[in-house]
Amino acid sequence: MSTRIVTVEMNDSLRMVKGMSDNTCFHHLLVVESGILFGVISDRDLLKALSPNIGTASETNRDAASLNKRVHQIMTRKPITLEQNAGIFEAIGLFANHNISCIPVVDDGCKLIGIISWRDILKAFESNGPLVLSP
C-alpha cells in the first residue's frame, strides 16, 4: 500500500486536475471531503472527460469549456475499498472480481489511509522471492 496519495475535492475543476496531471505522474486521484473518501478519478477518466483538442491549434471554446467541469461530474462514486487490516489476498480477490486498477484503503470511519494498485501487489511478490508455479 502506498500512503503517498494525491487527493482532490469534489468541486475542484478539471483544469486544476489537468494541471496536476501535467506536473505529476498519477494514475488515480482520490476524491475526499474532510478526509472522507467519496470517489476516485483515474487518468483514463480524465482523458475521456477532456477534449483531445485542448492546447492545439484546433481548440474551440467548447473544447476549453470541458476544463470547467467539476471532479464530482466524472468521478467514480462509492469506490470499492479495503479496510486497513485487510490481507493481500483480499486485495487480489477484489482485483480479480472487479474491473478496477486501484483500491483505496480506509479506516472504520471511511477516512482515507492509502491506496493499493495491482502493481503494488506484484512488487510485494517480487520482493519476497520467486514463486513456483506447479501444474
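**Note on the predicted model: helix packing, buried positions and cysteines**

1. Helix α5 passes helix α6 in a left-handed crossing. The contact between the two is made on one side by Ile88, Phe89, Ala91, Ile92 and Phe95 of α5, and on the other by Trp118, Ile121, Ala124 and Phe125 of α6. Sorted by class, the residues of this contact comprise nine nonpolar, no polar and no charged ones. This is a predicted model, and the remarks below should be read with that in mind.

2. The geometry of the pair can be stated in the usual terms, since two packed helices are described by the angle between their axes and the distance between the axes. For α5, which covers residues 88-97, and α6, which covers residues 118-127, the packing angle is about 135° and the axes lie 11 Å apart. The two helices are therefore oblique to each other, given that an angle has to be over 145 degrees to count as roughly antiparallel.

3. As to the overall layout, the protein has six helices and seven strands, and when it is read along the sequence these follow the pattern β-α-β-β-α-α-α-β-β-α-β-β-α. The C-alpha trace spans about 55 × 35 × 25 Å along its principal axes. Of its 135 residues, 33% count as buried. If one takes the contacts between residues at least 6 apart in sequence, 53% of them join residues at least 24 apart.

4. Strand β3, which runs over residues 36-42, contains Gly39, a position that counts as buried because its relative accessibility is 0%. Once neighbours within four places in sequence are left aside, Gly39 is in contact with Leu29, Leu30, Val31, Met75, Thr76 and Pro79. A further pairing may be checked in the coordinates: the C-alpha atoms of Gly39 and Ile74 are 9.5 Å apart in space, while the two residues are 35 apart in sequence.

5. Ser42 also has its place in strand β3. With a relative accessible area of 7%, Ser42 is buried, and its contacts, not counting residues up to four places away in sequence, are to His27 and His28.

6. Strand β2, residues 28-33, holds Val32, which is likewise buried, with a relative accessible area of 10%. Beyond the residues up to four places away in sequence, Val32 touches Thr7, Val8, Glu9, Met10, Leu37 and Leu112. Val32 and Cys102 are 70 residues apart along the chain, and their C-alpha atoms are separated by 16 Å.

7. A buried position is also found outside the helices and strands, for Ser13 sits in the loop between β1 (7-8) and α1 (14-23) and counts as buried at 15% relative accessibility. When neighbours within four places in sequence are set aside, Ser13 is in contact with Leu67, Lys69 and Arg70.

8. Two backbone positions deserve a look, given that most residues other than glycine have a negative phi. Ser34, although it is not a glycine, has a positive phi of about 55°; this residue is placed in the loop between β2 and β3, and it counts as exposed at 67% relative accessibility. Cys110, again a residue other than glycine, has a positive phi near 70°, and it is found in the loop between β6 (102-106) and β7 (112-117).

9. How many disulfides does the model contain? The count comes to zero, and the spacing of the sulfur atoms shows why: the sulfur of Cys102 has its closest cysteine sulfur in Cys110, at 14 Å, which is too far for a bond, whereas the cut-off for a disulfide is within 2.5 Å. Seen from the other side, the sulfur of Cys110 finds its closest cysteine sulfur in Cys102, again at 14 Å and too far for a bond. As for their surroundings, Cys102 is buried, with a relative accessible area of 7%, while Cys110 is partly exposed, with a relative accessible area of 32%.

Key: Residues are numbered from 1 along each chain as its sequence is written. This is a predicted model: local features need pLDDT of at least 70, side-chain atom pairs count only at pLDDT 80 or more; totals for chains, interfaces and linings use all residues. Side-chain values use heavy atoms; hydrogens and water are left out. Buried means under 20% relative accessible area, exposed over 50%, partly exposed in between (1.4 Å probe, protein chains only). Helices (H or I, at least four residues) and strands (E, at least two) are DSSP runs, numbered from the N terminus. Contact means heavy atoms within 4.5 Å. Axes are lines fitted to C-alpha atoms, for helices over the stretch in contact, and angles run from 0 to 180 degrees between N-to-C directions. Angles under 35 degrees count as roughly parallel, over 145 as roughly antiparallel, 65 to 115 as roughly perpendicular and the rest as oblique. A crossing is left-handed if the near helix is turned anticlockwise from the far one by less than a right angle, and right-handed if clockwise. Ala, Val, Leu, Ile, Met, Phe, Trp, Tyr, Cys and Pro count as nonpolar, Asp, Glu, Lys and Arg as charged, and the others, Gly among them, as polar.
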